[in-house]
Amino acid sequence: MCKGNRPGQISASLMCAGIKDLVSNIHIMEEEHVEYLHVDVMDGEFVPNLGFGMDYIDGVREMTSIPLDMHLMIMRPEDKLEWMKLRPQDRVIIHYESTIHVQRTLVRAKSYGCKVMLAINPGTPIYSVEEVLDYIDGINVLTVNPGFAGQKIVRSCIPKVDKLENYLREAGYSDLEIQVDGNISFDNAKMFKEMGADIYVAGSTSIFNGDDLRENIQKYRAAIAG
């Protein structure tokens, strides 16, 4: 199956899910076969916000068997990987700028048996991934500056996804997955699907917009169908 025809996967952003409805929402996401729960871990240093701590994450793990998509927006993630209790079915996303020794950190993350993705911010050039392609399973393209939900998409990131897909294909790494993250609305998801994106972080402008989570997931699924 060529990349453009691969069915898209949903990574539901728990930052955008209401706490009071979390149990019922997770039950719906299980029934709708959402592939990942996107967990933003933020330290107030790498990004200007604080995000989910380990007690919250452990609680989510107790609620569901849906794999976690752990987005580490933290400085020196290599010092905290052990805290994450990563499982083979999980993903961990590490930012290019968050560590001096990014290759070594990616290798350490791989040692937990999970999939590992490298995140690039809106201002991070595509060529920054060149030297670590052998150590990752995919690339997370931030289409907003990380830290807060509900932001508008950075318009310069739209062609960046297309450029990255072309770059990976020409470099012989078309098996690496592309995740898009940041205001990935229904329309934006459909647009990025046509560019070759694989995994879509769905939040406040899509599945958690309004009261009908199930209907929104089904609508989103249709937008990213292969």
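This text walks through a predicted model, starting at its barrel and moving out to helices and loops.

Begin with the strands. Eight of them close into a barrel. Their order is β1-β2-β3-β4-β5-β6-β7-β8, and the pairing is parallel. Neighbouring strands of this sheet are turned against each other by 25° on average, direction ignored.

Take one pair from the barrel. Strand β2 covers residues 36–42, and strand β3 covers residues 68–73. The two pair in the parallel sense over six bridges. Within this pairing, V39 stands opposite M70 in β3.

Now turn to the helices. Two packed helices are described by the angle between their axes and the distance between the axes. Look at α1, residues 22–31, and helix α2, residues 54–63. Their axes come within 11 Å and cross at roughly 50°. That angle makes α1 oblique to α2. The crossing in which α1 passes α2 is right-handed.

Which residues in α1 meet α2? They are L22, V23, I26 and E30. From α2 come Y56, V60 and M63. By type, the residues of this contact divide into six nonpolar, no polar and one charged.

V60 deserves a second look. This residue lies in helix α2. Is V60 buried or exposed? Its relative accessible area is 1%, under the 20% limit, so V60 counts as buried. Leaving out residues up to four places away in sequence, V60 touches L14, L22, I26, L37 and L68. Two of these names, L22 and I26, belong to the α1 side of the helix contact. V60 and V23 are 37 residues apart in sequence, yet their C-alpha atoms are 8.9 Å apart in space.

A second helix pair lies further along the chain. Helix α4 spans residues 157–171, and helix α5 spans residues 186–195. Their axes are 9 Å apart, and the packing angle is about 25°. Angles under 35 degrees count as roughly parallel, and α4 and α5 are therefore roughly parallel to each other. The crossing of α4 and α5 is right-handed.

In this contact, α4 supplies C157, I158, V161, D162 and E165. Opposite them, α5 supplies M191, F192 and M195. The residues divide into six nonpolar, no polar and two charged.

The loops come next. Most residues other than glycine have a negative phi. H33 has a positive value, with phi near 60°. H33 sits in the loop between α1 and β2. Its relative accessibility is 62%, over the 50% limit, so H33 counts as exposed.

K85 also has a positive phi, near 50°. K85 is found in the loop between β3 and β4, and β4 covers residues 91–95. Its relative accessible area is 49%, and K85 is partly exposed.

One more loop residue closes the tour. Where is S206 found? S206 is in the loop between β8, residues 199–202, and α6, residues 213–223. How accessible is S206, and does it count as buried or exposed? The relative accessibility of S206 is 0%, so S206 counts as buried. Not counting residues up to four places away in sequence, S206 touches I184, S185, F186, N216 and Y220. Among them, F186 falls within the range of α5, and N216 and Y220 fall within the range of α6.

Technical notes: Residues numbered from 1 in each chain as written. Predicted model: local features only at pLDDT ≥ 70, side-chain atom pairs only at ≥ 80, totals over all residues. Heavy atoms only, no water. Pairing = 2+ DSSP bridges. Helix = DSSP H or I, 4+ residues; strand = E, 2+ residues; numbered from the N terminus. Axes fitted to C-alpha atoms, helices over the stretch in contact; angles between N-to-C directions. Buried < 20%, exposed > 50% of the residue type's maximum accessible area, 1.4 Å probe, protein only. Parallel < 35°, antiparallel > 145°, perpendicular 65-115°, else oblique. Left-handed = near helix turned anticlockwise from the far one by under 90°. Contact = heavy atoms within 4.5 Å. Nonpolar A, V, L, I, M, F, W, Y, C, P; charged D, E, K, R; others polar.
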